[in-house]
Amino acid sequence: MTLQVSGVSKRYGAVQALDGVDLSVEAGEVVALVGDNGAGKSTLVKVVSGVITPDSGTLEFEGRTVRINRPHDAQALGISTVYQDLALCENLDVVGNLFLGSEERRWSLMRGIRMERRARDLLTSLDVRIRDISAPVAALSGGQRQSVAITRALLGEPRLVILDEPTAALGVEQTAQVLDLVKRLRDRGLAVMVISHNLADVRAVSDRIVVLRLGRNAGDFRTADTSQGAIVAAITGLEDPTWPQ
Amino acid sequence: MTLQVSGVSKRYGAVQALDGVDLSVEAGEVVALVGDNGAGKSTLVKVVSGVITPDSGTLEFEGRTVRINRPHDAQALGISTVYQDLALCENLDVVGNLFLGSEERRWSLMRGIRMERRARDLLTSLDVRIRDISAPVAALSGGQRQSVAITRALLGEPRLVILDEPTAALGVEQTAQVLDLVKRLRDRGLAVMVISHNLADVRAVSDRIVVLRLGRNAGDFRTADTSQGAIVAAITGLEDPTWPQ
Amino acid sequence: MASVTRAPDRAEPGAVLRSAGDRLARGDLGPLPVIAGLVVIAIVFGTLNDHFLSAENLTNLALQMAATGTISLGVIMVLLLGEIDLSVGSVSGLSAVLMTIFNVEHGLNPLLSVVAAIAIAAVIGLVHGLMFTKLGMPSFVVTLAGLIGWQGLLLYLLGKEGTINLPFDGAIAKMSDSWLPPVLSWVTAIVIVGVYGGSALVSRRARAAAGLPVQVLTWAVVRIGGLAVVLCVTVAVLNGDRGVPLTLVIFGALVVALDLVLRHTVGGRWIYAVGGNPEAARRAGINVTAVRVTAFVAASSLAAAGGILAASRLVAVNQSSGGSDILLNAIAAAVIGGTSLFGGRGRTYAALLGILVIQSITNGMLLLNVDSSVRFMVTASVLALAVAIDSLARKGRPGAAR
Amino acid sequence: MASVTRAPDRAEPGAVLRSAGDRLARGDLGPLPVIAGLVVIAIVFGTLNDHFLSAENLTNLALQMAATGTISLGVIMVLLLGEIDLSVGSVSGLSAVLMTIFNVEHGLNPLLSVVAAIAIAAVIGLVHGLMFTKLGMPSFVVTLAGLIGWQGLLLYLLGKEGTINLPFDGAIAKMSDSWLPPVLSWVTAIVIVGVYGGSALVSRRARAAAGLPVQVLTWAVVRIGGLAVVLCVTVAVLNGDRGVPLTLVIFGALVVALDLVLRHTVGGRWIYAVGGNPEAARRAGINVTAVRVTAFVAASSLAAAGGILAASRLVAVNQSSGGSDILLNAIAAAVIGGTSLFGGRGRTYAALLGILVIQSITNGMLLLNVDSSVRFMVTASVLALAVAIDSLARKGRPGAAR
Amino acid sequence: GSGKKNDSAKGGEKSPTIALFLPESKTTRYEAFDRPLFEAKVKALCPACKILYNNADQDAAKQQSQVESAITQGADVLALDAVDAKAVAPQVNHARQRNIPVIAYDRLITGIDYAYYVSFNNVRVGQMQGQALLDAMNARGTTAKGKIIMLNGAPTDPSSGDYKKGAHSVLDGKVQIGREFDTPDWSPDKAQQETEQAITALGRDNVVGVLSANDGMAGGAIAAMKRAGYKTLPPITGQDAEVGAVQRIITGEQYMTIYLNIRQQAEKSAELAVALGRGQHPAAPTKVNNGSADIPAFLLDPTAVTKDKIQSTIIKDGFYTAAKICTGKIAAACASAGIK
Ligand SMILES: Nc1ncnc2c1ncn2[C@@H]1O[C@H](COP(=O)(O)OP(=O)(O)OP(=O)(O)O)[C@@H](O)[C@H]1O
Ligand SMILES: Nc1ncnc2c1ncn2[C@@H]1O[C@H](COP(=O)(O)OP(=O)(O)OP(=O)(O)O)[C@@H](O)[C@H]1O
Ligand SMILES: O[C@@H]1[C@@H](O)[C@H](O)OC[C@H]1O
Ligand SMILES: [Mg+2]
Ligand SMILES: [Mg+2]
């Protein structure tokens with residue numbers, strides 16, 4: 001089991017964003033995390049990535065109980081995340097953002113040419129179209145930014161890739177590319193967690209679907225065995241005849 | 001004709017974001033604007049909404065040539081916009097953001113109770129779920145923010161509603177609600193312009209589809225008469241057998 | 001639907017008590033940590049010197065706050081936009097000099113002199129605002145030029161005189177030596193509590209009538225009671241010496257009035273909006289330029305008011321009017337009181353609380369018999385300590401450390 | 001695919017000339033508008049006084065820049081994070097006093113005295129940084145406490161002495177009275193141009209080899225030529241008087257070295273990242289606390305270096321060392337040079353250009369025979385004018401007006 | 001130096017360039033009196049002489065730049081009122097290397113040899129303030145009945161140390177100093193607050209005198225005491241003879257001020273400067289040892305001005321006219337004090 005989340009809770013003032021949530025992802029598996037707006041999906045992602053510390057609950061990674069107190073800890077474990085709010089430095093250019101925190105270097109000196117070469121290759125391989133790569137990210141379109149954020153997550157050697165609504169702003173082709181990429185990551189034996197509101201995409205790409213509702217677990221389905229109706233029912237909390245009781 | 005855009009161009013440094021673009025939207029019509037990432041869709045929206053001034057081109061609104069130099073001008077004409085980057089004030093609460101710039105007031109005094117009442121009613125009618133309405137918008141989930149931005153655009157008496165990727169972060173139900181809303185706006189005789197990468201949604205809701213590619217017009221289709229393949233071909237620029245020459 | 005908070009027909013105590021606790025849980029401790037800092041200061045100096053907590057000294061403190069506090073109010077207007085005004089000190093001095101020249105040298109009536117000086121300051125603020133918005137110069141540079149240039153004008157106007165004394169028994173000097181009669185001070189306190197309580201209850205009613213959630217009654221009562229206690233203690237203490245000083249009343253009234261403007265008028269809302277996200281405000285159709293210019297005009301006008309209070313207190317103006325550390329203290333008061341330098345967050349009470357912190361430290365230090373070098377070091381330490389309490393309390397709250 | 005810029009095997013002049021023009025089109029005029037401001041200043045004062053553009057006076061100008069310029073460099077480190085350091089003046093004064101006490105009173109060798117003083121300043125910066133990051137206090141308040149407290153310590157250390165003179169012929173004083181021999185200055189200039197040109201060409205080759213787009217050759221040549229002209233003119237003018245002052249060389253070397261650090265090392269990149277979006281930097285695994293603390297340490301250390309340069313120039317320290325308008329000038333230089341107060345944008349050349357603007361105005365004003373009041377007003381006007389040119393040139397560029 | 005330029009028409013005498021350096025602009029005396037009096041005298045003696053005027057805004061580094069500028073501009077004589085009289089030696093040395101004579105104006109420059117010293121003695125100013133205060137308290141019989149408050153100048157201003165030293169040399173052991181403050185920036189409103197706090201700490205009835213180092217701060221102290229309800233104010237000292245202070249002395253609020261006969265000082269210095277510029281070296285009545293050399297000196301005595309001396313000093317010297325002082329409500333008090 002690559003990741004095992006148990007009983008995680010997180011409260012923001014009046015709002016119990018997560019309430020004893022469990023979740024697991026295996027190597028070579030794509031788990032989709034779905035749920036209504038405000039269900040707590042992004043909060044869970046942030047817990048796993050070390051962006052916030054949960055009020056309670058435990059995390060296991062590759063069999064060992066781990067404490068993830070800051071993003072750095074998650075990265076050290078091999079957890080690589082695309083955040084819903086992208087988290088780019090708008091004042092830096094594309095290359096700067098792609099390699100942020102893991103710059104290619106010799107001693108402390110950055111190897112700019114090498115980074116730019118790798119960046120261009122990666123962007124090309126993902127079919128990302130950015131006309132002026134040296135402009136600050138502030139100048140990019142919504143989809144271009146998302147592409148940069150996704151590309152970023154693939155640098156290094158991640159063991160678990162988390163994508164929070166990766167295709168929300170992407171065009172048709174890029175979306176297909178990303179879904180294809182997710183499958184390729186799984187085939188390389190990585191664990192992948194995807195959040196999306198697009199149930200068609202989710203069904204196309206995931207092995208398992210985990211549903212959150214109002215901060216709690218509301219279902220865990222094998223994608224192959226489950227109808228769309230059942231998932232929608234779990235998301236909305238309305239009874240559905242096909243719900244597997 | 002509610003809106004007629006002719007020959008609009010806009011250049012950002014190295015990037016010709018728009019290059020002589022034409023577009024029209026009629027009252028009671030939903031026009032979908034589609035195109036690859038970076039095609040110039042959001043830039044066109046910003047031109048029409050007065051956020052940026054184009055380098056050249058003319059705008060006609062309800063038959064008259066107009067100059068839209070700032071957002072205020074667009075609003076005065078009855079153009080209401082949901083921006084892709086949402087443009088909310090994170091330090092204000094939901095009510096504050098909803099009514100921003102068009103606060104209910106008596107003289108200069110804000111009528112807080114009235115605004116809160118209307119806000120709650122509107123949010124409820126759109127099925128938006130926000131657990132703590134008095135928290136600053138910084139505390140909302142991605143989808144919740146998008147819901148706030150959409151709700152905002154429906155206040156007042158718009159003549160043209162522009163939605164730039166309105167459902168990107170929305171859940172299944174909310175997406176359906178928004179699509180339904182778009183239809184209701186059209187039925188009330190408003191002009192609506194929608195930008196989306198979700199071609200299924202686009203086809204479900206639009207009367208006409210306008211395609212941009214690399215900042216230029218690349219097709220204008222009646223939705224009912226056109227296949228998905230033709231649209232994809234126009235977006236990507238690859239030949240497609242079903243292209244209506 | 002279920003999760004949209006609907007108003008219960010009657011307030012459910014449980015649910016709504018939560019909303020008060022929630023605020024605290026959200027890290028929104030409001031002024032509590034600064035007040036804790038003030039308590040620490042009171043204990044430190046109260047222990048070191050018997051006189052610190054005497055009625056006489058607390059009256060001194062009240063007198064010492066008004067001028068810089070008023071200037072700090074103006075600084076807050078600009079800080080709320082995420083901008084800065086370095087010229088407030090010079091503008092306060094210049095306005096005081098103008099007022100004095102009008103009054104003393106040209107024999108203009110005191111009220112007119114004051115009004116004219118503030119009007120000129122407003123024009124100065126207008127110039128700053130236009131240079132910032134229309135020429136796009138950083139507010140730091142615009143107001144730095146103001147800091148230097150208006151001081152030059154002050155020196156020029158004072159010319160050979162150096163100092164100009166105000167008549168000791170004139171209206172302007174009297175302003176700093178007027179005290180509310182005890183009865184009036186009690187009546188005022190009662191009226192304030194009454195209006196506050198009344199409006200709280202009225203709005204509570206209105207919310208309930210509109211079907212909106214309301215605070216639990218006990219919480220409202222606690223707040224009204226808290227205000228009553230603070231006001232009564234203040235009035236009682238000050239009446240134990242010379243009474244409630246008029247300048248304190250003026251400053252307090254400005255704080256309250258501006259707070260109401262900021263929170264309940266459209267203009268105030270726009271200031272917060274522009275400070276939070278100017279581009280979003282612009283897209284919402286707000287005239288961002290007008291809002292910014294207004295804030296600079298307010299800052300200069302309040303600086304003028306503060307300068308006039310200072311002149312009234314000193315009964316004179318001179319070349320160092322508005323100089324020394326007035327600027328730094330005015331900004332520091334705003335920041336210590338919880339105004340963000342990054343815009344969009346803060347209330348006018350910051351000026352009141354912040355200047356209280358600063359002036360209590362100064363006041364307390366002057367009671368002690370120490371060298372100026374030691375005084376500086378202790379001042380710095382107590383300042384750091386008082387703010388550290390605040391900062392630690394706020395830590396862990398989203399968006400902290402700024 | 002088609003739109004991703006691929007490197008042509010040979011540079012296509014058309015395509016790449018565009019990229020230089022594009023920068024300009026993007027509003028990224030770099031230092032050009034500030035330089036235009038400097039030209040205006042040169043014309044104004046050159047017309048008003050014959051001596052302004054004399055070799056002797058330009059040498060004076062060079063001497064006057066180094067100390068505050070170095071302090072301004074430190075300020076830039078902190079401004080890049082979107083924070084502020086108000087303590088740099090006091091820290092510079094305190095360090096100079098410490099250095100002098102070590103050297104004069106304890107007979108420590110000059111170099112060790114300097115090193116020890118800078119080391120103590122670094123510890124002070126560490127304290128500021130930790131109070132900011134660990135206690136979460138606003139940097140404004142932390143460094144305001146520093147401004148007051150370190151000045152207290154300075155006064156305490158100077159005690160009744162007041163002024164301590166440095167030995168006139170000691171190494172520290174000599175530093176401000178040393179001049180590069182003409183030959184050496186020319187050799188240095190040539191070496192700098194050579195290294196700059198060489199590395200530009202080498203990196204151009206390397207980019208081409210890696211298949212990355214390269215600048216058109218003429219553009220590279222223009223830049224190298226521009227540098228050569230600026231350096232040669234400077235060296236020729238200064239050699240026309242006493243020569244190139246050592247302190248200018250020290251300051252210039254610091255500017256260049258820090259620019260290289262900021263742009264080519266990982267640490268520099270992280271400073272920009274934290275300044276641009278601290279949360280994004282944190283999520284990228286960057287140790288934001290360490291970056292911030294480092295910046296405060298750098299600010300205090302550079303302040304110390306600047307203070308020592310000032311002491312060397314004055315050949316003494318006294319109670320007002322590090323006081324007066326040093327703080328404001330150091331911040332203003334950074335801002336005038338184009339450093340954003342909001343973080344993430346600026347280069348070390350801002351310190352050089354900004355202090356040139358400020359010192360030319362001060363220097364030029366001192367040549368004129370006017371009353372202080374007039375001097376202040378003219379200074380403010382020229383400052384505003386010089387920056388207005390810059391601001392107007394930048395206007396219309398995305399994210400302007402900040 | 002470029003002493004050999006333009007010869008004036010009459011007498012073929014040289015017309016040197018004379019540079020005057022004053023330390024700050026926040027006190028009235030420098031730009032209101034020193035500068036115009038000095039310039040007028042130079043012009044009278046030598047109409048073709050050029051004068052370079054500099055004010056250092058209390059910043060030693062700025063003064064250093066100003067000296068450099070003046071030398072750049074070809075100054076032939078420097079009259080230097082130092083911001084920091086101890087630290088200015090290198091600039092004097094710089095001038096000396098170029099054979100430019102230096103006059104120490106107002107403040108004694110130490111550590112180096114130079115042409116002349118023309119001044120009032122700062123330490124003496126402090127002594128006179130202390131003595132005047134002591135005399136007044138003795139006259140009222142309050143010396144032993146309470147304590148005094150001492151308001152010193154800015155801790156960052158080297159000359160406040162001199163005033164302080166002088167005052168202490170007179171007062172120590174004779175009166176009890178209840179509270180003593182260094183007042184940042186000589187700020188009157190800070191002095192006011194200091195006085196308020198001292199009154200609170202000592203008790204209203206225990207304050208029998210205030211030694212204020214200058215008039216501005218005396219104004220602050222007076223405001224504080226009047227507001228604290230003193231029916232009769234204890235004696236309060238000052239310095240600078242500002243109009244406002246003279247008025248307060250006439251109305252009895254302030255006890256005394258130190259009047260420096262700036263005219264005498266400025267004119268003497270102007271004469272010396274012109275002479276030095278023409279290569280002459282007039283003899284000086286005395287010499288002052290500054291630690292490194294005996295400097296030819298013209299020492300002027302500061303004058304303590306109490307109400308009874310206003311007419312015979314300030315008015316008589318034409319420092320102010322009676323009309324300038326006796327405005328509005330002061331007129332009556334002037335009349336009864338015999339000022340006209
Ligand atoms: N402020 C800006 N400065 C410079 N370039 C910009 C700016 N805004 C947009 N661009 C460029 O203009 C082009 C068009 O951008 P635009 O945002 O209109 O694309 P879009 O069609 O909305 O794409 P998406 O589907 O990804 O949102 C892009 O190449 C983008 O990089
Ligand atoms: N920083 C915060 N402070 C306070 N409340 C927060 C904060 N972040 C999230 N919340 C609240 O926690 C709940 C869960 O938010 P979360 O972002 O995890 O939702 P989500 O499932 O990702 O929704 P979406 O699909 O809209 O992105 C929401 O009600 C939100 O308002
Ligand atoms: O005369 C005083 C002067 O010597 C000092 O430097 O500044 C204050 C003045 O009052
Ligand atoms: Mg989310
Ligand atoms: Mg877009």
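B:Leu214 is partly exposed, with 48% relative accessible area. In this predicted model, that residue sits in the loop of chain B that runs between strand S11 (208-213) and strand S12 (216-222). Its backbone is worth a look too: phi of B:Leu214 is near 50 degrees, a positive value in a residue other than glycine. Most residues other than glycine have a negative phi.

Chain C has a positive phi to show as well. C:Val315, not a glycine either, has a phi of about 60 degrees. Its place is the loop between helix H13 (288-314) and strand S4 (316-317) of chain C. Is C:Val315 buried or exposed? It is buried, with a relative accessible area of 4%.

Here are the accessibilities of these two residues, along with those of two metal donors that come up next.

| Residue | Relative accessible area | Class |
|---|---|---|
| B:Leu214 | 48% | partly exposed |
| C:Val315 | 4% | buried |
| B:Ser42 | 17% | buried |
| B:Gln84 | 23% | partly exposed |

Now for the metal. Which protein atoms serve as donors to the magnesium ion (ligand 5)? They are OG of B:Ser42 and OE1 of B:Gln84, lying 1.9 to 2.1 Å from the ion. The pair ties together distant parts of the chain, 42 residues apart: B:Ser42 belongs to helix H1 (residues 41-49) of chain B, while B:Gln84 is in the loop between strand S6 (79-82) and helix H3 (94-98). B:Ser42 counts as buried because its 17% relative accessibility falls under the 20% cut-off. B:Gln84, at 23%, is partly exposed.

Chain B also has an open sheet of 4 strands, in the order S2-S1-S4-S5, with antiparallel pairing. The edges are taken by strand S2 (15-25) and strand S5 (64-66); each has a single partner strand, so one side of each is left without a neighbour in the sheet. From one strand to the next, the twist averages 25 degrees. Strand S1 (residues 3-12) of chain B pairs with S2(B) in the antiparallel sense over 7 bridges. Within these strands, B:Leu3 stands opposite B:Val25 of S2(B).

Finally, how do chains C and D relate? Chain D superposes on chain C with an RMSD of 0.1 Å after a rotation of 180 degrees and 0.0 Å of shift along its axis. That's the relation of a two-fold axis. Which residue of chain D comes closest to the rotation axis? That would be D:Phe342, with its C-alpha at 4.0 Å. Of the interface residues of chain D, 98% are also interface residues in chain C, so the copies meet through the same surface.

Notes: Residues numbered from 1 in each chain as written. Chains lettered and ligands numbered in written order. Predicted model: local features only at pLDDT ≥ 70, side-chain atom pairs only at ≥ 80, totals over all residues. Heavy atoms only, no water. Helix = DSSP H or I, 4+ residues; strand = E, 2+ residues; numbered from the N terminus. Buried < 20%, exposed > 50% of the residue type's maximum accessible area, 1.4 Å probe, protein only. Donors = N, O, S within 2.8 Å, 3.2 Å for Na, K, Ca; no water. Pairing = 2+ DSSP bridges. Axes fitted to C-alpha atoms, helices over the stretch in contact; angles between N-to-C directions. Least-squares fit on C-alpha atoms with pLDDT ≥ 70 in both. Contact = heavy atoms within 4.5 Å.
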